[in-house]
Amino acid sequence: MKTQIKKCTLADLSDLQKISIETFTDTFGAENTEKDLQDYLTKNYDLEKLTRELQHPQSDFYFIFVQEQLAGYLKINSGDAQTESIAENALEIERIYVRRSFKGQGLGKALMEHAIKIAIQRQKTVIWLGVWEFNQPAIAFYQKRDFVKTGTHSFFLGQDEQTDWIMEKIIKEEIQ
C-alpha cells in the first residue's frame, strides 16, 4: 500500500472542505441532532473560515493519500493558533480524521507520527489534543500512543455543549 502525506495549500481548499464535512459527519453524525450537526458544519467548514485557517502562519493541514486517493487529513497548530493555551512550548493536533473506507490501515498512526515528527523538528516539548469524552475508539488510540488525560474543556456542536478531554504527550527525541 503506497501512502503519501502532503501539506495542503489554498489549491486544496475544495477537497479540504469536502473531506472535513464527510469525516466529521461520519464520526459524530449519529450521536448528534441534524440541526446541531449542520450548524457546526456550516460555521466551521465554511470556505472563508478554512481559507483563513490555511493561511494562518502557525497552522498546517496535511492530506494523506493511499494509491493517490485522498484518505484522511491532519491539522496542527502552534503559538496563537492553538485553541487553548496548554503549555508554553506545545503543538496542538486540532483535527485528525481518516475516511471510513480507509480505517484500519494504519493511516491515523501515520498522521500521528507525522505530527510528532513536526513537533520534534520545531523543538516542542508537548503535543496535545481535545477528544470527545464519549469517543472511546479515539481515546484508546491516543492512550496507546502515551497521551494522558490532563483536563477537560467545552466543545460546542451547534447549541450542544459537550465535554472534550484534553490529552497530552511529552515529546521525546525520537518516534517510537
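**Close-up 1. Helix α1 crossing helix α3.** In this predicted model, α1 passes α3 in a right-handed crossing. The two helices pack with their axes 10 Å apart, at an angle of about 110 degrees. Angles of 65 to 115 degrees count as roughly perpendicular, and α1 and α3 are therefore roughly perpendicular to each other. On the α1 side, look for L13, L16 and Q17; they meet L47, L50, T51 and L54 of α3. Sort the residues of this contact by class and you get 5 nonpolar, 2 polar and no charged ones.

**Close-up 2. The two faces of helix α3.** Helix α3 runs over residues 47-55. Its buried residues are L50, E53 and L54. They span an arc of only 100 degrees around the axis, so they sit on the same side of α3. In general, an α-helix has 3.6 residues a turn, so residues three or four places apart point the same way. Now turn to the face of α3 that points away from the buried side: there you'll find E48, R52 and Q55, which are exposed. What lies over the buried residues? The cover includes helices α1 and α2, along with strands β2 (59-66), β3 (69-78) and β4. L50 shows up twice in these views: it is buried, and it is also one of the α3 residues that α1 meets. The same goes for L54, which is buried and is met by α1 residues too.

**Close-up 3. Helix α1 against helix α2.** Here α1 (residues 13-28) is shown with α2 (residues 34-44); their axes come within 11 Å and cross at roughly 155 degrees. Anything over 145 degrees counts as roughly antiparallel, and that is why α1 and α2 are described as roughly antiparallel to each other. The crossing is right-handed. From α1, the residues to pick out are I21, F24 and T25, which meet L37, Y40 and L41 from α2. By class, this contact has 5 nonpolar residues, 1 polar residue and no charged ones.

**Close-up 4. Helix α5 and what covers it.** Which residues of α5 (residues 136-144) are buried? They are A138, I139 and Y142. Viewed down the helix axis, these buried residues fall within an arc of 100 degrees, so they line one face of α5. The cover over them includes strand β4 (90-98), helix α4 (107-121), strand β5 (126-132) and strand β7. On the face turned away from the buried side, P137 and K144 are exposed. Just after the helix comes D146, with a positive phi of about 70 degrees. For context, most residues other than glycine have a negative phi.

**Close-up 5. The loop between β2 and β3.** Two residues to find here are Q67, placed in the loop between β2 and β3, and E68, which lies in that loop as well. Q67 isn't a glycine, yet its phi is positive, near 50 degrees. E68 also has a positive phi without being a glycine, with a value near 70 degrees. Is E68 buried or exposed? Its relative accessible area is 69%, so E68 is exposed, given that the exposed class starts over 50%.

**Close-up 6. I170 in strand β7.** I170 belongs to strand β7, which covers residues 160-170. With 57% relative accessibility, I170 counts as exposed. Set aside its neighbours within four places in sequence, and I170 is in contact with T125 and V126. How far is I170 from K124 in space? Their C-alpha atoms are 9.0 Å apart, while in sequence the two residues are 46 residues apart.

**Close-up 7. Two loop residues, T9 and Q123.** T9 is found in the loop between β1 (3-7) and α1. Its relative accessibility is 43%, so T9 counts as partly exposed. From the C-alpha of T9 to that of E113 is 21 Å, and these two residues are 104 residues apart along the chain. Q123 lies in the loop between α4 and β5. A relative accessible area of 63% makes Q123 exposed. The C-alpha atoms of Q123 and I19 are separated by 30 Å, with their positions 104 residues apart along the chain.

Note on methods: Residues numbered from 1 in each chain as written. Predicted model: local features only at pLDDT ≥ 70, side-chain atom pairs only at ≥ 80, totals over all residues. Heavy atoms only, no water. Axes fitted to C-alpha atoms, helices over the stretch in contact; angles between N-to-C directions. Helix = DSSP H or I, 4+ residues; strand = E, 2+ residues; numbered from the N terminus. Parallel < 35°, antiparallel > 145°, perpendicular 65-115°, else oblique. Left-handed = near helix turned anticlockwise from the far one by under 90°. Contact = heavy atoms within 4.5 Å. Nonpolar A, V, L, I, M, F, W, Y, C, P; charged D, E, K, R; others polar. Buried < 20%, exposed > 50% of the residue type's maximum accessible area, 1.4 Å probe, protein only. Arc of directions from axis to C-beta.
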